[in-house]
Amino acid sequence: MKLHFQSNDPDGLLLQQRTSDRLRRGLGRLQGLVARIRVSLDDVNGPEGGVDKRCSVEILLRGNS
């Protein structure tokens, strides 16, 4: 299982390891079915601050390239 993480949020890289750990723990025994996970974390308003984050997760299963 490969994890691709991208973010335009300055704090995004700090969350990368936590995101990876939580996804692996959450998937548990289903990890063998997953080929790739793409996580995108964006700060919607840019550097203006505030609570305006958007996270999207895309999971590609094995055999569905």
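A salt bridge here is a side-chain nitrogen of Lys or Arg within 4 Å of a carboxyl oxygen of Asp or Glu. Keep that cut-off handy for the exercises below, and remember that you're working with a predicted model.

**Exercise 1. Work out the fold pattern along the sequence and say how the strands pair.**

Step 1: Take stock of the elements. The protein has one helix and three strands. Reading along the sequence, you get β-α-β-β.

Step 2: Look at strand E1 (residues 2–7). E1 runs parallel to E2, and six bridges join the two. For one example, pick Leu-3, whose bridge partner in E2 is Ile-37.

Step 3: Now move to E2 and E3. These two pair in the antiparallel sense, over nine bridges.

Step 4: Put the helix back in. E1, H1 and E2 together form a β-α-β unit, and that unit is left-handed.

**Exercise 2. Find the salt bridges and say which parts of the chain each one ties together.**

Step 1: Count them. There are two salt bridges in the structure.

Step 2: Start with Arg-38 and Glu-58. Their side chains come to 3.6 Å, N to O, which passes the test because the cut-off is 4 Å.

Step 3: Place that pair. Arg-38 sits in strand E2 (residues 34–43) and Glu-58 in strand E3 (residues 53–61), so this salt bridge links parts 20 residues apart in sequence. Arg-38 and Glu-58 turn up again as bridge partners in the E2 and E3 pairing.

Step 4: Go on to Lys-53 and Asp-43. Their closest N and O atoms are 3.7 Å apart, and the two form a salt bridge. Since Lys-53 belongs to E3 and Asp-43 to E2, the pair ties together parts ten residues apart in sequence.

**Exercise 3. Sort the four salt-bridge residues: is each one buried, partly exposed or exposed?**

Step 1: Get the cut-offs straight. Buried means under 20% relative accessible area, exposed means over 50%, and partly exposed is in between.

Step 2: Check the first pair. Arg-38 has 36% relative accessibility, so call it partly exposed. Glu-58 comes out at 41%, so Glu-58 is partly exposed too.

Step 3: Check the second pair. Lys-53, at 44%, is partly exposed. Asp-43 has 8% relative accessibility, so Asp-43 counts as buried.

Step 4: Set that against the whole protein. Buried residues make up 22% of its 65 residues.

**Exercise 4. Describe the largest pocket: its volume, its lining and where that lining comes from.**

Step 1: Note the volume, which is about 160 Å³.

Step 2: List the lining. You'll find Phe-5, Leu-15, Arg-18, Thr-19, Arg-22, Leu-23, Val-39, Leu-41, Cys-55 and Val-57 there.

Step 3: Assign residues to elements. Helix H1 (12–27), E2 and E3 each supply at least two residues of the lining. H1 gives the largest share, with five residues.

Step 4: Sort by chemistry. The lining splits into seven nonpolar residues, one polar and two charged. Cys counts as nonpolar in this scheme, so Cys-55 from the lining goes in with that group.

Technical notes: Residues are numbered from 1 along each chain as its sequence is written. This is a predicted model: local features need pLDDT of at least 70, side-chain atom pairs count only at pLDDT 80 or more; totals for chains, interfaces and linings use all residues. Side-chain values use heavy atoms; hydrogens and water are left out. Helices (H or I, at least four residues) and strands (E, at least two) are DSSP runs, numbered from the N terminus. Buried means under 20% relative accessible area, exposed over 50%, partly exposed in between (1.4 Å probe, protein chains only). On a 1 Å grid over the protein atoms alone, a cavity is a set of points where a 1.4 Å probe fits but cannot get out, and a pocket is an open set with protein on both sides within 12 Å along at least five of seven lines; lining residues have an atom within 4 Å of a point. Grid points are joined across faces, edges and corners, and a volume is the space filled by probe spheres set on the points. Two strands pair if DSSP finds at least two bridges between them. A crossover is right-handed if, with the strands pointing away from the viewer, the path from the first strand over the helix to the second runs clockwise.
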